[in-house]
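The following note is offered to a colleague who has the coordinates open. It proceeds by numbered points, each confined to one topic.

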Amino acid sequence: MRLTLTAALATVAASPAFAASGPFFSLGNTDFVVLLAFLLFIAVLFYFKVPSLLGGMLDQRAAGIKSELDEARKLREEAQTLLASYERKQKEVQEQADRIVAAAKDEATAAGVQARVDLEKSVARRMAAAADQIDSAQAGAIKEVRDQAAVIAVAAARDVIAKQMSAADGNALIDDAIAQVDAKLH
């Protein structure tokens, strides 16, 4: 079929040669010689199976290109899988970071509340300690005033008693005090 098609093409291409003068099928006619050389060239190509070799080479090239395309497609799919995996990991890491930030904020808030409570307790303890110190100082001052008042009262009573009491009254009081101590001890 190829041979027939090639011959038909050669005949159509050689049709201008029929317009030349003289016999066409003579070796003196250059158109005929060129036609014969062309047909001989085509025959040599077919004899050495050049079209099938070219077809085989083209098929090999097409198979190579197809395998490269398949490999590129596989690499693209792997890249898309890796990209999806990294995007998923990035989302997970972002969510984890958000959780960590939220937990840190909650902890900071709780620490602030705890610090406020601790500060209030500390202030209350210091206020209580200050109140205790004030009460203690007040009690000490009252005791000191009472002691001083007792000392002054005793001194005043001694002075009054010394002025009003005679030696005989003093001896009677001493004897009475001794009798009371003796009665209480025995």
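How far apart, in helical turns, are K143 and D147 in helix α3?

1. The two residues lie four apart in helix α3, which means that about one helical turn separates K143 from D147. Their side chains meet in a salt bridge, with 3.8 Å from N to O. This distance falls inside the cut-off of 4 Å used for a salt bridge, so the pair is counted. The partners fall into separate accessibility classes: K143 is exposed at 52% relative accessibility, and D147 is partly exposed at 40%.

2. It should be stated early that the model is predicted. The values in this note are therefore computed from a predicted model.

3. The count of salt bridges in the model comes to two. Besides the pair already described, D70 forms a salt bridge with R73, and the closest N and O atoms are 3.0 Å apart. These residues are three apart in helix α3, so about one helical turn lies between D70 and R73. D70 is partly exposed, with 30% relative accessibility. R73 is likewise partly exposed, with a relative accessible area of 46%.

4. As regards the overall architecture, the chain contains four helices and zero strands. Along the sequence the pattern reads α-α-α-α. Of the 186 residues in the chain, 6% are buried. The accessible surface amounts to about 15,900 Å², and carbon and sulfur atoms account for 65% of that area.

5. Helix α2 comprises residues 30-47. Does its length agree or disagree with the span expected at 1.5 Å a residue? The 18 residues of α2 should span 26 Å, and the C-alpha atoms at its ends are 25 Å apart, so the two values agree.

6. The residues of α2 may next be considered by side. F32, L35 and I42 are buried in this helix. They cover an arc of only 90° around the axis, which means that they lie on the same side of α2. On the other side of the helix, T30, V34, L40 and Y47 are exposed.

7. Which residues form a nonpolar patch on the surface? The patch consists of L40, V44, Y47 and F48, which together have about 480 Å² of accessible area. Two of these residues, L40 and Y47, also belong to the exposed set in α2. V44 is found in α2 as well. V44 is partly exposed, with a relative accessible area of 37%; this is over the 30% required for membership of a patch, and V44 therefore qualifies on that criterion.

8. Both ends of α2 merit inspection. At the start of the helix, a side-chain oxygen of N29 reaches to within 3.1 Å of the backbone nitrogen of D31. After the helix comes K49, whose phi is positive, near 55°.

9. K49 deserves a separate remark. Its phi is positive although K49 is not a glycine. The residue is placed in the loop between α2 and α3, the latter helix covering residues 50-164. Is K49 buried or exposed? With a relative accessible area of 54%, K49 lies over the 50% cut-off and so counts as exposed.

How values were computed:
Residues are numbered from 1 along each chain as its sequence is written. This is a predicted model: local features need pLDDT of at least 70, side-chain atom pairs count only at pLDDT 80 or more; totals for chains, interfaces and linings use all residues. Side-chain values use heavy atoms; hydrogens and water are left out. Patches are made of residues with over 30% relative accessible area and no salt bridge: like charges are joined within 9 Å, nonpolar side chains (Val, Leu, Ile, Met, Phe, Trp, Tyr) within 5 Å. Accessible areas come from the Shrake-Rupley method with a 1.4 Å probe; for residues, only the protein chains shown count as cover. Buried means under 20% relative accessible area, exposed over 50%, partly exposed in between (1.4 Å probe, protein chains only). The expected span of a helix is 1.5 Å times one less than its number of residues. The arc is that of the directions from the helix axis to the C-beta atoms. A polar contact is a pair of N or O atoms within 3.5 Å; within protein, one must be able to donate a hydrogen and the other to accept it, and residues adjacent in sequence count only if both atoms are side-chain atoms.
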